[in-house]
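Hi,

Here is the structure I promised to send over. Have a look at it first, and my notes follow underneath.

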Amino acid sequence: HLHSDLGSRFPLEAAQDLDIGSNTVQAYSISPENEYFSVAYRSRSEDDKYIELVLEKPLDREEQSEMSFSVIAVDGGSPPRTGTTEVKIVILDVNDNPPIFTQERYFGKVLENMPEGSVVLTVLARDQDAGVYGEISYQLSHALGQSDSAFVIDPITGEIKTTKPLDFEAAQSHELRVSATDGGGLSAICKVLVEVVDVNDNAPEVVVSSFSSPLPENTAPGTVVALFTVRDRDSGANGKISCGLEDQLFFSLRPAYKNYYELVTVSALDREETARYILRVTAADAGSPPLTSTQTFTVDISDVNDNAPVFNQTSYTMYVRENNVPTVFVGAVSAADADVGLNGKVSYSLAAVQAAEGPWCSCVSVNSENGHVFVLRPLDYERLRQTEVTVSASDAGSPPLRANVSVRLVVLDENDNAPLVLYPGQDSSPASSELVPVSAEAGYLITKVVAVDADSGQNSWLSYHLLRASEPGLFTVGVHSGEVRLRRPVTERDSVRQKLLVLVRDNGKPPLSATAAVSALLLKDLSDVRLPGHSSPAPEDQAGSLTTYLIIALVCVSLLFLVSTALFVARKVCKRKELKAGHVLYGADNLQSGLADGAAAGSLPRAYCYEISLTTGSGNSEFKFLKPILPSVPPQHSEMELFSYLDSHGFHVSFCLF
């Protein structure tokens, strides 16, 4: 740490070299070279050698506060060896710089009505020294007249403040002297000139003579609302007054005479847009700065019935589930009236003229107070799916104003209808039996259950399930199609007559259901049988010929029946064992029937089965020729036992053909 004069020496410890003679330390140097220091090599004795740093140039801490360099020692060996040490120089400060103000003369202005403690201006001095030598304090060193008692200076910040109100009429300016002193006792002085500014002490006054409020919203433009006068106790420019109105869109000021002004309307008023106007009249003098006064007029606007009720929607759609309880709440209409009081009180009613579209229903009611809509009686979706009414909203003004809105009531379906089975018929008549050949494979279509549901949507989605069957594992029912099919091939263990109960269920919550009874006969050797519904329909151009064939066949069958009956009686008396039988079988529906196996002993000609299908109410009919069927009956049975056997298996025997 250096704080020294030019030529000062600072000893350093010499470098140590274990060699002797010319191989020991021979010289020292500084790197990098600098203009402030040099190195000197001295010795007191052979064993006492030292080096010194010599100050060659005066130091200035304000320019450079510290510096660093290396001292290098070189021996005399070959090659020479060196040793290096780092030297850091810290330059200490001395109070060699006085404070300096940023300005030689400071100017400030202060209003005569400024309160005590107001800051007039701030003086600033700087000192380049550091530490306590750079710390500055301020004092008011001199004041003219009595101004020293009107101002004070902060010794740390240099702020000059007032200690009492100033009076322009007593003194228009004040001259001050401020001294700045650092910690070493050095100081500087500056001059401060404070100018006192005259102010406009008196503001204008507004005196109201008359004022009218509230105003009806249908007040004509040009109506006088208020009359007032303005005055100022100052004189000259400070006493000259001008008036202004902030908002001149609906109101304006109109000079009357001398300093009197009128506040008048300039356009039509609308209470629904603005129910209250706050008008501010400002009076200002011509002083510097000008003083102003503000007079506020609060003008309320009274209502007239000029607005009809307005619904919050252009139309309403409400929903109610069928089979609802009486007087059920389904929604609400709402209308607002921008008027107030009785003019804005809204009541609701059903309009006398109803909407033209859709059926009108007298079951709808509306609450006159709150607009709640009710359904008075239970509704049936299957009879009425929607209706539309018109609701009127009117205010209590004189005369009253009204508005109408359309309300559409939509009836939602409930699951209140069970499925209805169309096929097979479920009336009291004997159910027909479906013919199923025993050779049918799995998946064989037996019949299809057809059902409908009067409900809509999911409530009408039907599913089919096998509820009960003589052989549950033999049949399967399509869940969505209702088709009854074989689950597996028919076996000998399966009985000839099969009964099934199919459950038809809708998708409602809770679901409703119905059942369909299906009968099936399992017959042998029917692989080539073309059953109704499985064969292709006859062409339309053959309908007439088929009818002719049918009539001829019926006549022939009738004659053959009479002949065969006579022969049968005669044969029975003569030889019962020579009976050869043929059959025409009639089923209950579409003549679907078949024969069980059975035959009498002996050799008989082939018997043929004829199936006749007639369509009620039409000229079309079908005549189908079926494969020969050989019934198999134990030979010891008689023909009467054959009829008993067929009858016990549900066959209706019409006649036999030999």
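Before anything else, please keep in mind that this is a predicted model. I'll go through the sheets at the start of the chain, then the cores, then one stretch that carries a database annotation.

Let's begin with Val39, since it makes a handy way in. Which residue is its bridge partner in β4? That would be Leu53. The pair belongs to a run of 7 bridges between β3 and β4 (residues 49-55), and the two strands are antiparallel. Step back a little and you'll see an open sheet of 3 strands, in the order β1-β4-β3, with antiparallel pairing. β1 (9-12) and β3 (37-43) sit at the edges with a single partner strand each, so one side of each has no neighbour in the sheet. From one strand to the next, the twist averages 30 degrees.

There is also an open sheet with the order β2-β5-β6, again 3 strands and antiparallel pairing. Why do β2 (25-31) and β6 (82-90) each have one side without a neighbour in the sheet? Both stand at the edges and have just a single partner strand, so nothing in the sheet flanks that side. Here the strand-to-strand twist averages 20 degrees. If you want a spot to zoom in on, try Ile30, which faces Val71 in β5. β2 and β5 (residues 66-75) run antiparallel and are joined by 6 bridges.

Now for the cores. In soluble globular proteins, nonpolar side chains tend to be buried together. In this model, the largest nonpolar core has 25 residues. Phe311, Met318, Val333, Tyr348, Leu379, Val407 and Leu409 have the most contacts inside it. Several strands supply at least two residues each to this core: β25 (315-321), β28 (346-350), β29 (364-366), β30 (372-375), β31 (386-395) and β32 (402-412). Of these, β32 gives the largest share, with 5 residues. Another core, of 23 residues, lies apart from that one; Val449, Phe475, Val490 and Val504 are among its members.

Last, the annotated stretch. An unreviewed UniProt entry places the feature "transmembrane region" at residues 549-570. What does the model show there, helix or strand? Residues 549-570 are 100% helix and 0% strand, and the C-alpha atoms at the two ends of the span lie 31 Å apart. The label itself comes from the UniProt record, while the helix content is computed from the model.

Cheers

Terms used: Residues are numbered from 1 along each chain as its sequence is written. This is a predicted model: local features need pLDDT of at least 70, side-chain atom pairs count only at pLDDT 80 or more; totals for chains, interfaces and linings use all residues. Side-chain values use heavy atoms; hydrogens and water are left out. Two strands pair if DSSP finds at least two bridges between them. Helices (H or I, at least four residues) and strands (E, at least two) are DSSP runs, numbered from the N terminus. Axes are lines fitted to C-alpha atoms, for helices over the stretch in contact, and angles run from 0 to 180 degrees between N-to-C directions. A nonpolar core is a set of buried Ala, Val, Leu, Ile, Met, Phe, Trp, Tyr and Cys residues joined through side-chain atoms within 4.5 Å. Buried means under 20% relative accessible area, exposed over 50%, partly exposed in between (1.4 Å probe, protein chains only). UniProt positions are given in the numbering used here, feature names are shortened, and annotations may be inferred rather than shown by experiment.
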